[in-house]
Amino acid sequence: MKIKRMNEAQFLSLLKKVLPKATKDPHLASAIYDEVAKEVRLLKSIESFEKFCETGALPDIAPETVANFQNELAGKFGEANVALTPDEKGTEVAIEIALPDRTMSSRIKVDPTVPEEEVKVPFVPFPVALPEDPELLWLLARREDLGPDEALRALAKIEEEFWATKKGQQLQRDHVEKTFAEFVTHVPASALTESGLKRHYKEPESLKTLRLLAPAELESF
């Protein structure tokens, strides 16, 4: 009997199921799951990056092109961990990515015949609401390989860490209310992208309810 290879989502789902059986400490289980999920995302990002370096190319080394490419890499590896250096001849770009255990170096060629194509990290809609006001939605986004429950845990952790930063402490000294709305407004975009999240809009919106038309209204069309 041939066993199908397990994908990332299936592996994380299995891990989430098994961990509570292996330890009775829910905090430990959650911490292990978060760290493993983080490593899985990192490995997938490295694999995607290495494949692009082997088969892809940049159309030119214009500042805008290089900046867009760096932003895409920063979304995967963190803004402070990515450095790009175009060569003087304009034929390739040197890339250095600081990983937790090593620095990864590579080069991407420049080929004007290659159509310009953005290297996008796939994101999907991730609307969130507070328990006390479930109809008030913040329209965020999460990486496609980041499950909703995992994204919620990551968001809660980012909010907790944000209020402990210098910026968060300064806002509190300025009498800014320590709320989720203020957090979403002031948190740096890089803090979200490093955890696989993205802020679509800073302002929340109320949930819109579709009004079904009565039969008489339908007949008038």
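Which helix is the place of Thr65? Thr65 sits in helix H3, the stretch that covers residues 63–77. That is a handy spot to start from, and we will come back to it below.

## The overall picture

What you have here is a predicted model. The protein chain has 221 residues, and 31% of them are buried. Its secondary structure adds up to 8 helices and 7 strands. If you take the contacts in the protein chain with a separation of 6 or more, 52% of them are between residues 24 or more positions apart.

How sure is the predictor? The average pLDDT for the protein chain is 82, and 85% of the residues score at least 70. Confidence peaks in strand S2 (residues 92–98), with a mean of 92, and bottoms out in helix H8 (residues 215–219), with a mean of 56.

## Thr65 and the H2–H3 pair

Back to Thr65 in helix H3. Its relative accessibility is 9%, and buried means under 20%, so Thr65 counts as buried. The side chain of Thr65 also makes a polar contact with the side chain of Asp60, at 2.6 Å.

Helix H3 has a partner in helix H2 (residues 26–55): the two axes come within 10 Å and cross at roughly 155°. An angle over 145 degrees counts as roughly antiparallel, so that label fits H2 and H3. On the H2 side, the residues that meet H3 are Leu42, Ser45, Ile46, Ser48, Phe49 and Phe52. On the H3 side, they are Phe69, Leu73, Lys76 and Phe77. Sorted by class, the residues of this contact are 7 nonpolar, 2 polar and 1 charged.

## H4 meets H5

Now look at helix H4 (residues 148–164) and helix H5 (residues 166–173), whose axes come within 4 Å and cross at roughly 70°. Angles from 65 to 115 degrees count as roughly perpendicular, and therefore H4 and H5 are described that way.

From H4, the residues involved are Phe162, Trp163 and Ala164. They meet Lys166, Lys167, Gly168, Gln169, Leu171 and Gln172 in H5. This contact has 4 nonpolar, 3 polar and 2 charged residues.

## Two neighbours in a loop

Glu194 is in the loop between helix H7 (189–193) and strand S6 (197–199), and Ser195 belongs to the loop between H7 and S6 as well. Is each one buried or partly exposed? Glu194 has a relative accessibility of 46%, so it counts as partly exposed. Ser195, with a relative accessible area of 19%, is buried, because the cut-off for buried is under 20%.

What do they touch, leaving aside neighbours within four places in sequence? Glu194 is in contact with Gly78 and Glu79. Ser195 is in contact with Arg41, Leu146, Ala154 and Ile158. Glu194 also offers a nice example of the chain folding back: Glu194 and Ala74 are 120 residues apart in sequence, yet their C-alpha atoms are 7.7 Å apart in space.

## A residue with a positive phi

One last stop is His175, in the loop between H5 and helix H6 (180–186). His175 has a positive phi of about 65°, although it is not a glycine. Is His175 buried or exposed? At 74% relative accessibility, and with exposed meaning over 50%, His175 counts as exposed.

Note on methods. Residues are numbered from 1 along each chain as its sequence is written. This is a predicted model: local features need pLDDT of at least 70, side-chain atom pairs count only at pLDDT 80 or more; totals for chains, interfaces and linings use all residues. Side-chain values use heavy atoms; hydrogens and water are left out. Helices (H or I, at least four residues) and strands (E, at least two) are DSSP runs, numbered from the N terminus. Buried means under 20% relative accessible area, exposed over 50%, partly exposed in between (1.4 Å probe, protein chains only). A polar contact is a pair of N or O atoms within 3.5 Å; within protein, one must be able to donate a hydrogen and the other to accept it, and residues adjacent in sequence count only if both atoms are side-chain atoms. Axes are lines fitted to C-alpha atoms, for helices over the stretch in contact, and angles run from 0 to 180 degrees between N-to-C directions. Angles under 35 degrees count as roughly parallel, over 145 as roughly antiparallel, 65 to 115 as roughly perpendicular and the rest as oblique. Contact means heavy atoms within 4.5 Å. Ala, Val, Leu, Ile, Met, Phe, Trp, Tyr, Cys and Pro count as nonpolar, Asp, Glu, Lys and Arg as charged, and the others, Gly among them, as polar. pLDDT is the predictor's confidence in each residue, from 0 to 100.
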